[in-house]
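I opened this one to go through its salt bridges, its helix packing and its core. Here are my notebook entries, in the order I looked things up.

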Amino acid sequence: MKKKDMVFPTLESLRYVEEVLNELTIALNDKTRTIETSDIPDALKNAVLLGTTAIASLGAMGLLLYFSGSVVGLSAVGITSGLTAIGGNMLGGIATIAAAPVIIVGAGAALIAYKNNKKLYQKKEEYYYDALNK
């Protein structure tokens, strides 16, 4: 495998995987461990947030599909009428159902990135003023 094809091309990039695996091992052996007492709380919070958002949006889309058509239910006729009601035709309904979770999770990921960049900026500013005061 070529280096450019690797997901983790350097040893430094593998450090994060090692941290997660170590945290997993500790958490499996210590039942009192929570996200707050973890060594990597931000990463765990982000994973839980994105996972929950994805599941909730898929569930909402499933309910929308279930109740939206002229025939209620998840039979072939119910799904067909639901997709047609949502998107104008079946293909449009599929596109709408598929796009919604992607947009919602993308917005969640953008929010997390914004918060992380804000923390990074604050830390850099703190270091800058620390260096100026010395």
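**Entry 1: charged pairs**

I began with the rule for a salt bridge: a side-chain nitrogen of Lys or Arg within 4 Å of a carboxyl oxygen of Asp or Glu. I kept in mind that this is a predicted model, where local features need pLDDT of at least 70, side-chain atom pairs count only at pLDDT 80 or more, and totals for chains, interfaces and linings use all residues. Residues are numbered from 1 along each chain as its sequence is written, and side-chain values use heavy atoms, with hydrogens and water left out.

How many salt bridges does the rule give? I get two.

I looked up Glu126 and Lys123, whose side chains form a salt bridge at 3.8 Å, N to O. Both residues sit in helix H4, three residues apart, about one turn of the helix. For helices I use DSSP runs (H or I, at least four residues), numbered from the N terminus. Next I checked accessibility, with buried meaning under 20% relative accessible area, exposed over 50% and partly exposed in between (1.4 Å probe, protein chains only). Glu126 is partly exposed at 43%, and Lys123 is partly exposed at 38%.

I then turned to Glu23 and Arg33, which meet in a salt bridge at 2.7 Å, N to O. This pair links distant parts of the chain, with Glu23 in helix H1 (residues 11-29) and Arg33 in the loop between H1 and H2, ten residues apart. Is Glu23 buried or exposed? Glu23 counts as buried because its relative accessibility is 6%. Arg33, at 21%, counts as partly exposed.

My reminder to self: side chains of opposite charge can pair when their charged atoms come close.

**Entry 2: H3 against its neighbours**

Two packed helices are described by the angle between their axes and the distance between the axes. The axes here are lines fitted to C-alpha atoms, for helices over the stretch in contact, and angles run from 0 to 180 degrees between N-to-C directions.

I took H3 (residues 76-87) with H4 first: their axes come within 7 Å and cross at roughly 75°. That makes H3 roughly perpendicular to H4, a label that covers 65 to 115 degrees. Which residues meet there? Thr80, Leu83, Thr84, Ile86 and Gly87 in H3 meet Met90, Gly92, Gly93, Ile94, Thr96 and Ile97 in H4. By class I read five nonpolar, six polar and no charged residues in this contact. In that scheme Ala, Val, Leu, Ile, Met, Phe, Trp, Tyr, Cys and Pro are nonpolar, Asp, Glu, Lys and Arg are charged, and the others, Gly among them, are polar.

H2 and H3 came next, with axes 7 Å apart and an angle of about 105°. These two helices are therefore roughly perpendicular to each other. On the H2 side I find Leu64, Leu65 and Ser68, which meet Gly78, Ile79, Gly82, Leu83, Ala85 and Ile86 in H3. The classes here are six nonpolar, three polar and no charged residues.

Gly78, in helix H3, deserved its own look. Gly78 is buried, with a relative accessible area of 0%. Leaving aside its neighbours within four places in sequence, Gly78 is in contact (heavy atoms within 4.5 Å) with Leu65, Val71 and Gly73. Thr80, also found in H3, is partly exposed at 33%.

**Entry 3: the core**

Last, I looked for a nonpolar core, a set of buried Ala, Val, Leu, Ile, Met, Phe, Trp, Tyr and Cys residues joined through side-chain atoms within 4.5 Å. The largest has five residues: Met61, Leu65, Leu83, Ile97 and Ala100. Helix H2 (41-68) and helix H4 (90-133) are the elements that give two or more residues to this core.

What does Ile97 touch, leaving aside neighbours within four places in sequence? Ile97 is in contact with Met61, Leu65, Leu83 and Ile86. Met61 lies in helix H2 and counts as buried at 15%. With the same four-place exclusion, Met61 is in contact with Ile97, Ala100 and Pro101.

I also noted Ser57 in helix H2, buried at 5%. Leaving aside neighbours within four places, Ser57 is in contact with Pro101 and Ile104.

Definitions and conventions. Angles under 35 degrees count as roughly parallel, over 145 as roughly antiparallel, 65 to 115 as roughly perpendicular and the rest as oblique.
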